[in-house]
Amino acid sequence: MRDLQPVNIETHLKNAVIFNELEDAEIALIAKGTREVRCDKGTPIFHRGDSCTGFHIVVFGQVKLSFTSAQGVEKIVEIVQQGQSFGEAMMFLDKPCVVSAQALSSSLLLHVSKSAVFSEMERNHGTMRKMLGSLARRTHQLMLDVEGYTLHTGKQRIIGYLLNQLEHGEPASEGASLDLAVTKCVIASRLNLTQEHFSRILHELSALDLIQVDGRRLTIPSLQRLSMHQFE
């Protein structure tokens with residue numbers, strides 16, 4: 001676990017995507033109903049069916065959201081990274097959790113209480129509009145994910161995932177390197193692929209010299225070639 005010193009809650013709330021349009025005074029009120037949650041790797045944060053008392057923001061670390069099928073197969077719905085949040089929709093719907101959440105690495109989360117959010121939304125309708133805008137963007141991304149699962153091949157999903165990760169990492173160039181933040185089996189589940197199918201596609205891309213794999217480190221000799229291959 002990183003430094004155990006308390007963090008500046010207001011700063012991290014302001015940096016979170018869902019709150020980055022709020023004013024300092026709005027953030028200060030929500031911070032009063034926010035607490036730190038520190039998790040070791042593998043720690044459950046909540047389980048499917050638990051009551052929802054608020055939502056979480058990731059200060060550092062990674063969290064997986066998943067559910068398990070009747071056959072016992074885990075399906076990862078989302079991998080939540082630093083600065084992102086999860087659980088808002090369940091909070092607004094006032095429903096039990098529909099997925100389980102577990103820390104993929106040592107993580108620091110902020111738990112924002114439902115009462116703090118609802119009180120601020122009742123006090124200031126502008127806060128409601130800004131938060132709904134953030135949720136709408138998240139919903140749009142989920143729709144794109146569903147489109148990818150249904151219309152794109154496994155190869156297209158993997159190349160799209162790698163290019164998207166680079167957009168949030170080092171600047172685009174002719175070549176690039178990428179350190180995967182989570183294991184390949186987690187990424188495979190996130191992309192709705194079996195681990196075997198995921199590994200087979202990586203081997204195919206490697207044989208074409210589109211990527212070079214060394215553990216979790218991937219080197220892409222030519223971003224242009226990899227991007228063009230996505231739709232061949």
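This is a short tour of one sheet, one helix and several charged side chains in a predicted model.

Start with the sheet. Select strands β1, β8, β3 and β6, which lie in that order in an open, antiparallel sheet of four strands. β1 (34–39) and β6 (85–86) are the edge strands; each has a single partner, so one side of each has no neighbour in the sheet.

Next, select residues 54–60 and 107–113. These are β3 and β8, antiparallel strands joined by six bridges. Phe-55 has Val-112 in β8 as its bridge partner. Now add residues 114–123: this is helix α4, which lies across β3 and β8 and runs at about 50 degrees to β8.

Stay on helix α4 and show Lys-114 together with Asp-94, which form a salt bridge with closest N and O atoms 2.9 Å apart. Asp-94 sits in the loop between α3 (88–93) and β7 (100–103), so the pair ties helix α4 to a part 20 residues away in sequence. Asp-94 is exposed at 56% relative accessible area, while Lys-114 is buried at 17%.

Move to Lys-64 and Glu-74, whose side chains form another salt bridge, 2.9 Å from N to O. Lys-64 belongs to β4 (63–68) and Glu-74 to β5. Lys-64 is buried at 10%; Glu-74 is partly exposed at 36%.

In β5 (74–80), select Lys-75. Lys-75 is buried at 18%, and its side chain reaches the backbone oxygen of Ser-189 at 2.9 Å.

Finish at Arg-217 and Asp-179, a salt bridge of 2.8 Å, N to O. This pair links β11 (217–220) with β9 (176–179), 38 residues apart. The whole structure holds five salt bridges.

Methods: Residues are numbered from 1 along each chain as its sequence is written. This is a predicted model: local features need pLDDT of at least 70, side-chain atom pairs count only at pLDDT 80 or more; totals for chains, interfaces and linings use all residues. Side-chain values use heavy atoms; hydrogens and water are left out. Two strands pair if DSSP finds at least two bridges between them. Helices (H or I, at least four residues) and strands (E, at least two) are DSSP runs, numbered from the N terminus. Contact means heavy atoms within 4.5 Å. Axes are lines fitted to C-alpha atoms, for helices over the stretch in contact, and angles run from 0 to 180 degrees between N-to-C directions. Buried means under 20% relative accessible area, exposed over 50%, partly exposed in between (1.4 Å probe, protein chains only). A polar contact is a pair of N or O atoms within 3.5 Å; within protein, one must be able to donate a hydrogen and the other to accept it, and residues adjacent in sequence count only if both atoms are side-chain atoms. A salt bridge is a side-chain nitrogen of Lys or Arg within 4 Å of a carboxyl oxygen of Asp or Glu.
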